[in-house]
Amino acid sequence: MSESSNLTDIARRNFLARAGAAAGAAAIAPGVFLSAPASAKPVGEAVTSKNRWGILVDTNKCASGCNDCVTACENENGWGRNDEPESNAQQKAHWIRTVDIKNKATGFTRTLPMMCQHCETPPCVDVCPTGASFRRADGIVLVDKHICIGCRYCMMACPYKARSFVHEDLHEQKPWAPRGKGTVESCTMCVQRVDNDKVPACVEACSAENHNALIFGDLYDENSEISKALKTHDNVEIRADLGLNTGVRYRGI
Amino acid sequence: MSHFSPASRLFVLVLSLLLLLPLAATADSDEEGETEALPFSDLSFPEPARHFSAEQKCVAPDEEMRKNHMKYILHQRDETMHEGIRTRQYSLEECVNCHAVKNDEGDYIPVNAPDQFCYSCHSYAAVNIDCFQCHATKPVRPSMLQTLSSSDAHPESEMLGGDIKQLLASEGPAQ
């Protein structure tokens, strides 16, 4: 249901983009999209495809060994507290993790945070047999744990190894981030914060520590900080060859 | 007319008596039911920490909540999960915020613990609650419903309260 409406949105947007270009009236899109800034969504209104949330990671500013974004995510969403004592490191939750990469030919190294890339056409949504894995109208990819049956197809389909499975009974979850045994979970882009006009916990922590490696914002708002940065600086999608149009972009790799 | 044997006449008589018996019994119990206690009325569970408003104890009238609380929660669940609608009145977190009570040491008791609000009725009715395998069972942050129902809202919460109030006014009953 949500999948088909999302695909409709994407098709409509592509059509509008083409129509706008054809008419040479690029001003239409900004005029429409910018009339309502992101912070204007009243609490009782549904999210719309007028926004698309994204994160730009500047790996030039990511220090090796820094784990601030991961810690912030753990504290916000209540995972990683060793609440699954029987599980091994590969089985435990990893909503966000730091990855060290190295070019073997040159020895060039980088550290970057890896999490759900919030694809426009997410493979996890394609393979989900129940519709639990879905993409919200504003581009955030989520698991509806109420209808997740724990089959883990999405974990297999995700090219980024972004999802993890809860193997054990959990206690003391956060009210804003329910999680439980038998369901798959991943980065929610702190949807509970985004809906209340706040930035994700990882972005907030990165700025608070003065690293400023993460920029969060609306990819469709051309005046947003992230859109300006994407326009002025070179940046890449990881596994761009898959054509997923990710919401998380990287600089410096 | 005489081709029915006495035995078969007796059989028909007994059969019709048997058929009528439940009707009579139902009529009897209906009359008595008015004086009998309602189901669940012998259950005891902790009183919620506070009332929704001076006029109304819970977020909807008691009779409505007893019968349909799960529909409110289900409706809110889908709206929040898929559409990002985070109104507070029918959110499960606010259920817990009011219905979880503290023990003598001042610590919150999980709302689904035996003898607590959720469990007492659900065990009586033999209906499993799945909510709390994932959802928090104790209050973690202050209720935002207080700002809704209290007339002397804090200045900083006035905007939020007004926003939600306006929203609630436009919200129909849960489907």
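**Tour of a predicted two-chain model**

Start by colouring chain B of this predicted model by confidence: its mean pLDDT is 74, with 61% of its residues reaching 70 or more. Select helix α2 (residues 62–83) of chain B, where confidence in the chain is highest, at 94. Then go to helix α6 (residues 155–170) of chain B, where it is lowest, at a mean of 39.

Two stretches of chain B come next. Residues 24–33 of chain B have pLDDT below 50, and this stretch makes 0 contacts in the model beyond near neighbours in sequence. Residues 150–175 of chain B are also below 50 in pLDDT, but here the model has 25 contacts beyond near neighbours in sequence.

Now show both chains. The complex has an ipTM of 0.81 and a pTM of 0.76 from the predictor. Select the contact between the chains: chain A supplies 21 residues and chain B 18 residues. On the chain A side, 8 residues are nonpolar, 5 polar and 8 charged.

Move to the sheet in chain A. Three strands, ordered β8-β1-β9, make an open sheet with mixed pairing. β8 (214–218) and β9 (248–251) of chain A are the edge strands; each has a single partner strand, so one side of each lacks a neighbour in the sheet. On average, neighbouring strands are turned by 20 degrees against each other, direction ignored.

Select β1 (residues 53–58) of chain A, which pairs with β8(A) in the antiparallel sense over 5 bridges. Within this pair, A:Trp53 stands opposite A:Asp218 of β8(A). Finally, add helix α8 (residues 225–232) of chain A: this helix packs on the sheet and touches β1, β8 and β9 of chain A. Its direction makes about 110 degrees with that of β8(A).

Key:
Residues numbered from 1 in each chain as written. Chains lettered and ligands numbered in written order. Predicted model: local features only at pLDDT ≥ 70, side-chain atom pairs only at ≥ 80, totals over all residues. Pairing = 2+ DSSP bridges. Helix = DSSP H or I, 4+ residues; strand = E, 2+ residues; numbered from the N terminus. Axes fitted to C-alpha atoms, helices over the stretch in contact; angles between N-to-C directions. Contact = placed C-beta atoms within 7 Å. Nonpolar A, V, L, I, M, F, W, Y, C, P; charged D, E, K, R; others polar. pLDDT = per-residue confidence, 0-100.
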